[in-house]
Amino acid sequence: METKTKKLLGLVIRRTTWQIESINRSLEQEKEDLVQEAQKGNTNCVKQICARIEQLERDLTIYNSYKYELEGIMNLGNE
């Protein structure tokens with residue numbers, strides 16, 4: 001694999017990793033908020049938070065599979 005392509009792929013992998021970390025932080029915050037709102041008995045807010053958690057989990061799955069594919073491409077270039 002060409003050096004420029006490899007560098008670009010490395011940058012994309014790092015960006016994807018950063019995005020995964022960001023989503024994980026958001027997920028943890030939403031889960032904390034969920035507990036707090038559930039303790040207050042605020043069902044409307046709990047429903048909204050659950051919807052956001054579901055979306056974040058879907059996003060996380062997409063980014064993790066994307067990163068896996070990128071790492072696979074990177075490894076093909078090393079062979």
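## Where to begin

In which helix is I53 found? The answer is helix 2, the stretch that covers residues 43-78. Before we go further, please keep in mind that this is a predicted model. With that said, let us look at the whole chain and then come back to I53 and some other residues of helix 2.

## The chain as a whole

The secondary structure is quick to describe: the protein chain has two helices and zero strands. Helix 1 runs over residues 3-40, and helix 2 takes in residues 43-78.

What are the spans of the C-alpha trace along its principal axes? They come to about 55 × 15 × 15 Å. The radius of gyration adds to this picture: the protein chain has 18 Å, while a compact globule of 79 residues would have a value near 12 Å.

Contacts tell us how parts of the chain meet. Of the contacts in the protein chain with a separation of 6 or more, 71% are between residues 24 or more positions apart.

## Surface and charge

Of the 79 residues in the protein chain, 23% are buried. The area that the chain exposes is about 5900 Å², and carbon and sulfur atoms supply 53% of that area.

How many positive and negative charges does the protein chain have? There are 12 positive and 13 negative ones, and the mean positions of the two groups lie 6 Å apart.

## The nonpolar core

Now for the inside. The largest nonpolar core has seven residues in all: I20, I23, L27, I49, I53, L56 and L60. Both helix 1 and helix 2 supply at least two residues of this core. Helix 2 gives the most, with four residues.

## Three core residues of helix 2

Is I53 buried or exposed? I53 has a relative accessible area of 9%, so it counts as buried, the cut-off being under 20%. Apart from neighbours within four places in sequence, I53 is in contact with L27, E30, K31 and L34. I53 and I23 are 30 residues apart along the chain, and their C-alpha atoms are separated by 9.9 Å.

L56 is another member of the core. Not counting residues up to four places away in sequence, L56 touches I23, S26, L27 and E30. Notice that L27 and E30 appear among the contacts of I53 too.

L60 also has its place in helix 2. Its relative accessible area is 13%, which means that L60 is buried. Leaving out residues up to four places away in sequence, L60 touches I20, I23, N24 and L27. From L60 to T17 the distance is 10 Å, C-alpha to C-alpha, although the two are 43 residues apart in sequence.

## Further along helix 2

Next comes K67, which is found in helix 2 as well. Why does K67 count as partly exposed? Its relative accessibility is 21%, and the partly exposed class lies between the buried limit of under 20% and the exposed limit of over 50%, so K67 falls into that class. Setting aside neighbours within four places in sequence, K67 is in contact with I13, T16, T17 and I20. K67 and R15 are 52 residues apart in sequence, yet 9.4 Å apart in space, C-alpha to C-alpha.

Our last stop is L76, again in helix 2. Is L76 buried or exposed? L76 has a relative accessibility of 57%, so it counts as exposed. L76 and V12 are 64 residues apart in sequence, and their C-alpha atoms are 16 Å apart in space.

Conventions: Residues numbered from 1 in each chain as written. Predicted model: local features only at pLDDT ≥ 70, side-chain atom pairs only at ≥ 80, totals over all residues. Heavy atoms only, no water. Buried < 20%, exposed > 50% of the residue type's maximum accessible area, 1.4 Å probe, protein only. Contact = heavy atoms within 4.5 Å. Rg over C-alpha atoms; globule rule 2.2 N^0.38 Å. Areas by Shrake-Rupley, 256 points an atom, 1.4 Å probe, with all protein chains shown as cover. Lys, Arg positive; Asp, Glu negative; His and termini not counted. Charge placed at Lys NZ, Arg CZ, Asp CG, Glu CD. Core = buried A, V, L, I, M, F, W, Y, C linked by side-chain atoms within 4.5 Å.
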